[in-house]
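Hello,

Here is the structure I promised to pass on to you. Please open it beside this email, and my notes will take you through what turned up.

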Amino acid sequence: MSSQKTVTVTPPNFPLHGKVAPPGSKSITNRALLLAALAKGTSRLSGALKSDDTRHMSVALRQMGVTIDEPDDVTFVVTGHGKLQLPAQPLFLGNAGTAMRFLTAAVATVEGTVVLDGDEYMQKRPIGPLLATLNHNGIKVESPTGCPPVTVQGTGRVQAKRFEIDGGLSSQYVSALLMLAACGEAPIEVALTGKDIGARGYVDLTLDCMRAFGAQVEVVNDSTWRVAPTGYTAHDYLIEPDASAATYLWAAEVLTGGSIDLGVAPQDFTQPDAKAQAVIAQFPQMPATVIGSQMQDAIPTLAVLAAFNNTPVRFTELANLRVKECDRVQALHDGLNEIRPGLATIIGDDLLVASDPALAGTACTARIDTHADHRIAMCFALAGLKVSGIQIQDPDCVGKTYPEYWNALGSLGVQLTY
Ligand SMILES: O=C(O)C1=C[C@@H](OP(=O)(O)O)[C@@H](O)[C@H](O)C1
Ligand SMILES: C=C(OP(=O)(O)O)C(=O)O
């Protein structure tokens, strides 16, 4: 449930200058936690994200016998025993898509029945295609609704030869199967069916991480990988900062004409959302069309920025944004229209943002329903840098991936009223 708490951002009448290091990457932290847990031995993960999503992953792994120490705010020291143990209780994964999808596949290596559940939002996020592939390969998985909760009857053995998967709804299904594939008894091919996946960059992140933990993956062609049955090897791993979190800081810079030192250059990220920086850098002349599938989690940032652009921006290929923490196409549309009616229009799965540079410096009485979605809260805070009176509901939902977000804005001199 969303809380009744709200935050109002007072537009600063000065450019934002300062140093803000974004937190560690959520995507890489949750991959590294899982692969380190599947390995035998101790792996030190530094630069890691500590947030709701990585807490859900680490707590679930501890429930399965993995030792995880946290010597400081950015480090996990993971000692795996080469095999996940049967947890005594269901795994509760909140609204962490990576934890839910990656663990649903990984618990096939457990001997016994594992239940994976999430919060009310997660219980609406589809997982059917991943379950169908597991079932087709002799791993019994059930979910009455096609969404969590999911029950996996692990046998401790992965005897598949080929996982075929449609990653159109979520690339996380593909990543989940690739990571499981290295735990097979023989080489396993992972092959995409259906249309190409937009978020291919996330599959590349998965392959990089798997290789770092000793996996051998051969790229057969554009849509097929062959994974050798190596299991994983413990490894110390440095996690790069979160590119999606960086987008809010890049946008805050251009919206206020300031300069924020993130401590990392845009070209040094390997995550797909780093592509958004090139779009942000064009503000207030953003392109007329932005393809959403290439940088999905950055779309909320870009859509709010587009409201202040000189010309309208049409965001395309957004179908999968409708099955994120909330229906982000609808939430962005509703929030933008709360600020000024007519600012956004939905056309099929596209979002057209009308753009109105004259918005800057105006006042409104918008109350933004975040639907407990961290990205909706964080992106509408950006609108609050330019328009006064924007109230954001449930500000604590940023804890999913960026618990320090409000403190980061505060450290740049932004006034926040709770
Ligand atoms: O693999 C990952 O780490 C992620 C993949 C993307 O999700 P989908 O593949 O479901 O689109 C992205 O939106 C999510 O935040 C993280
Ligand atoms: C979609 C997101 O998260 P996930 O799918 O990992 O829950 C996100 O962080 O924007």
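Let me begin with G97: a polar atom of its backbone is 2.7 Å from an oxygen atom of ligand 2. Please keep in mind as you look that this is a predicted model.

Two side chains also make polar contacts with ligand 2. In K400, a polar side-chain atom lies 2.8 Å from one of the ligand's oxygen atoms, and in D297 the distance from a polar side-chain atom to an oxygen atom of ligand 2 is 3.3 Å. How much of ligand 2 does the protein bury? Taken alone, the ligand exposes 300 Å², and the protein buries 99% of that. The space that ligand 2 takes up is the largest cavity.

If you would like to colour the surroundings of ligand 2, there are 14 residues to select. The closest of them are K26, G97, R125, R375 and K400. By character, the shell around ligand 2 divides into eight charged residues, five polar ones and one nonpolar one. Two helices are good places to look: α3 (97-106) and α11 (374-383) each supply at least two residues of this shell. G97, with its backbone contact to ligand 2, falls at the start of the range given for α3 (97-106). Domain 1 (6-23 + 241-417) and domain 2 (26-238) each provide at least three residues of the shell around ligand 2.

Now for ligand 1. Which residues surround it? They are K26, S27, R31, T98, S170, S171, Q172, Y202, Q296, D297, N320 and K324. You will recognise K26 from the closest residues around ligand 2, and D297 from its polar contact with that ligand.

Three side chains are worth displaying here. A polar side-chain atom of D297 lies 2.5 Å from an oxygen atom of ligand 1. For S170, an N or O atom of the side chain is 2.6 Å from an oxygen atom of ligand 1, and the side chain of S171 likewise has an N or O atom 2.6 Å from an oxygen atom of this ligand. On its own, ligand 1 exposes 380 Å², of which the protein buries 96%.

Where does ligand 1 sit? It sits in the largest cavity, and the space taken by ligand 2 is that largest cavity too. The shell around ligand 1 divides into seven polar residues, four charged and one nonpolar. Helix α1 (residues 26-38) gives the most to this shell, with three residues. Here, too, at least three residues come from each of domain 1 (6-23 + 241-417) and domain 2 (26-238).

Finally, a few backbone details to look out for. Most residues other than glycine have a negative phi, and most peptide bonds are trans. Against that background, P148 and P149 are joined by a cis peptide bond, with omega about 10°. You will find P149 in the loop between β8 (140-142) and β9 (150-155). Another cis peptide bond joins F283 and P284, where omega is about 5°; P284 is in the loop between α8 (276-280) and β16 (289-291). E317 has a positive phi, near 55°, although it is not a glycine. That residue is in the loop between β17 (313-316) and α10 (328-339).

Enjoy exploring it!

Best wishes

Notes:
Residues numbered from 1 in each chain as written. Chains lettered and ligands numbered in written order. Predicted model: local features only at pLDDT ≥ 70, side-chain atom pairs only at ≥ 80, totals over all residues. Heavy atoms only, no water. Near = heavy atom within 4 Å. Polar contact = N/O pair within 3.5 Å; in protein donor to acceptor, adjacent residues only side chain to side chain. Areas by Shrake-Rupley, 256 points an atom, 1.4 Å probe, with all protein chains shown as cover. 1 Å grid on protein atoms, 1.4 Å probe; cavity = no way out; pocket = protein on both sides within 12 Å on 5 of 7 lines; lining within 4 Å. Sits in = over half its atoms within 2 Å of the grid points. Helix = DSSP H or I, 4+ residues; strand = E, 2+ residues; numbered from the N terminus. Nonpolar A, V, L, I, M, F, W, Y, C, P; charged D, E, K, R; others polar. Domains from an automatic or database assignment.
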